[in-house]
Amino acid sequence: MGCSHNYVFTQGYFVCTKCGKRSYGRSYKRKQGKKVTVGVIVVLIVGIAILGFSNEIFEINQNNLEQSIQNMPQSIQEVGETAKDFASDTTIILRETIDKQLDNVKMEPIDIPVDDIQSVPQIIQNNNPTNKKPIIDKLKLERQVHLLTNQYRIEHGLSQLTWDDNLANIARHHSQDMAIRNYFSHDTPEGKDPTDRATSQGYHCQKRVGNLIYSGIAENIFQNNLYDTVWYTNGIPSSYDWNNLDELATSTVDGWMDSPGHRENILTAMYDKEGIGVEISSDDKVYITQNFC
């Protein structure tokens, strides 16, 4: 009676633990079959070639073969020379193209005075583009906002507003308060509105229109920024798109004119004077307050 095999796999083949018979499995047999097939094909090709030459079916021109072998070094040398010439021509073309591009680049040297060699690192840091924050004259910015406001009033057939230093001081105080306490609102954290703040500083505004008397001041506020865009490198600010004074003034007044309530204040005919107050916070926010009477 035959062995009821109990195969286990070991060292690349199966072996019966009872009778010791080996079995290489299907994958092994397929591999061996492929090897046999390849071997047979190789033998057939070699046999056909030998038979052909022996019966002069295939002929080799010995002279042509020897001449080809002799000419190989010369051919290799010619190919090498051609490649060398091509590389040289390409290098010349690239160099000429780069030189033309560099000729079109305008280089403007920066004159950085140095009094002490030890101060060079600090001077380089100070002249870095990331540190070229604009120095904004707040009083000039206030006057520029005032000028642009009057330009809009003139365009709409209204009289110009006169500058009022008292209103300007009220506006500056509110802008400073917003910058210091980090809020943006017409009302202070304590709930004081523009008229309350004006009254607390001794300023009173009354306007008579027909039989009506209007009391209190009107107000526009705007939060701008010293820069429009900041770029980061590895999480660190590396470049800023800074705004200059004219850009800050224009974007502020245009922003008010695009807002119905603020636009109404600017174009209200009964107002004849105004004051502007500007403050710049430590995080580059620009607070602008405009008070009317």
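Is Tyr227 buried, exposed or partly exposed, and what is its relative accessibility? I looked this up in what is a predicted model, and I noted that Tyr227 has 22% relative accessibility, so it counts as partly exposed, given that buried would require under 20%.

I then turned to the ring contacts and found five aromatic pairs in the structure. One of them joins Tyr227 and Tyr240, whose ring centres are 5.1 Å apart and whose planes stand at 65° to each other, an edge-to-face arrangement. I placed Tyr227 in strand 8 (residues 227-233) and Tyr240 in strand 9 (residues 236-242), so this pair ties together parts of the chain that are 13 residues apart in sequence. For Tyr240 I noted a relative accessible area of 23%, which makes this residue partly exposed.

My next entry concerns Tyr271 and Phe292, which I recorded as a stacked pair because their ring centres are 5.6 Å apart and their planes meet at 20°. The pair links distant parts of the chain, with Tyr271 in the loop between helix 8 (260-266) and strand 10 (273-280) and Phe292 in strand 11 (residues 285-292), 21 residues apart. I checked the accessibility of both partners and found Tyr271 buried, with a relative accessible area of 11%, and Phe292 buried as well, with a relative accessible area of 0%.

Going back to Tyr227 and Tyr240, I saw that ring pairs link them with Trp242 into a cluster.

Last, I looked at a charge beside a ring, and noted that the charged end of Arg143 sits over the ring of Trp163, at 4.1 Å from the ring centre.

Definitions and conventions: Residues numbered from 1 in each chain as written. Predicted model: local features only at pLDDT ≥ 70, side-chain atom pairs only at ≥ 80, totals over all residues. Heavy atoms only, no water. Phe/Tyr/Trp six-rings, centres within 6.5 Å; stacked < 30°, edge-to-face > 60°. Helix = DSSP H or I, 4+ residues; strand = E, 2+ residues; numbered from the N terminus. Buried < 20%, exposed > 50% of the residue type's maximum accessible area, 1.4 Å probe, protein only. Lys NZ or Arg CZ within 6 Å of the ring centre and 35° of its normal.
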